[in-house]
Amino acid sequence: MSSEAAIETFPNPRPERDFEIEISCPEFTSVCPKTGLPDFGEIRIIYVPADRCIELKSLKYYMIGFRDKGIFYEAVTNQILDDLVAACGPRRMTVVGDFTVRGGIKTVVTATYSRT
């Protein structure tokens, strides 16, 4: 896990049913590893839980762990997906890193997991 804060989970109240959970983290920050300047963006998580759901307070502290971390957009989006999949074992999950315009360039990174 890339952040020191553990991602906690709780039992899915309806594991027999497919339902989608959407979580938005609109105040995500990390650091550009090239310039050392802060990067800002929104992380969106969309998933269909299996046996476990993500506990939101622990997710908040996990996200804060990236605040001082030098990491590229592509790496952080994929790292969040890997860590969340490891924590809750969803049926499907998509993580979207929608980053603020910098230098006239807008970047959106989408990483997807599907249990097969």
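The following paragraphs describe the sheet, the helices, two pockets and two buried residues of a predicted model.

The sheet is open and has four strands. Their order is β2-β3-β5-β6, and the pairing is antiparallel. β2, residues 21-31, and β6 are the edge strands. Each of these two pairs on one side only. On average, neighbouring strands of the sheet are turned by 15° against each other, with direction ignored. In general, strands of a sheet pair through backbone hydrogen bonds, in a parallel or an antiparallel way.

Strand β5 spans residues 92-102, and strand β6 spans residues 105-114. The two run antiparallel and are joined by nine bridges. R92 stands opposite S114 of β6. R102 has I105 in β6 as its bridge partner. Together β5 and β6 form a hairpin, with two residues between the strands. G103 lies in the turn and has a positive phi of about 60°.

Two helices are placed against these strands. Helix α1, residues 56-64, lies across β2 and β3. Strand β3 covers residues 38-48. The helix runs at about 25° to β2. Helix α2, residues 73-88, packs on the sheet. It touches β2, β3, β5 and β6. The direction of α2 makes about 155° with that of β5.

Pockets were examined next. In general terms, rolling a probe the size of a water molecule over the atoms shows where empty space is left. The largest pocket holds about 250 Å³ of space. It is lined by 13 residues, and the closest to its centre are C25, E27, K60, M63 and I64. Two elements, β2 and α1, give two or more residues to this lining. β2 supplies the largest share, with seven residues. By class, the lining of the largest pocket divides into eight nonpolar, two polar and three charged residues.

The second largest pocket holds about 150 Å³. Its lining consists of C32, P33, D39, I71, F72, Y73, E74, R102, I105 and T107. Here α2 and β6 are the elements that give two or more residues. Six of the lining residues are nonpolar, one is polar and three are charged. R102 and I105 are both in this lining, and these two residues are also bridge partners in the hairpin.

T107, another lining residue of the second largest pocket, is found in strand β6. Its relative accessibility is 19%, so T107 counts as buried, the cut-off being under 20%. Beyond residues up to four places away in sequence, T107 touches Y73, G97, D98 and F99. Of these, Y73 also lines the second largest pocket.

C88 is placed in helix α2. This residue is buried, because its relative accessible area is 4%, against a limit of 20%. With neighbours within four places in sequence left aside, C88 is in contact with T9, Y47, R52, I54 and M93. C53 is 35 residues away from C88 along the chain. Even so, the C-alpha atoms of C88 and C53 are separated by 6.2 Å.

Technical notes:
Residues are numbered from 1 along each chain as its sequence is written. This is a predicted model: local features need pLDDT of at least 70, side-chain atom pairs count only at pLDDT 80 or more; totals for chains, interfaces and linings use all residues. Side-chain values use heavy atoms; hydrogens and water are left out. Two strands pair if DSSP finds at least two bridges between them. Axes are lines fitted to C-alpha atoms, for helices over the stretch in contact, and angles run from 0 to 180 degrees between N-to-C directions. Contact means heavy atoms within 4.5 Å. On a 1 Å grid over the protein atoms alone, a cavity is a set of points where a 1.4 Å probe fits but cannot get out, and a pocket is an open set with protein on both sides within 12 Å along at least five of seven lines; lining residues have an atom within 4 Å of a point. Grid points are joined across faces, edges and corners, and a volume is the space filled by probe spheres set on the points. Ala, Val, Leu, Ile, Met, Phe, Trp, Tyr, Cys and Pro count as nonpolar, Asp, Glu, Lys and Arg as charged, and the others, Gly among them, as polar. Buried means under 20% relative accessible area, exposed over 50%, partly exposed in between (1.4 Å probe, protein chains only).
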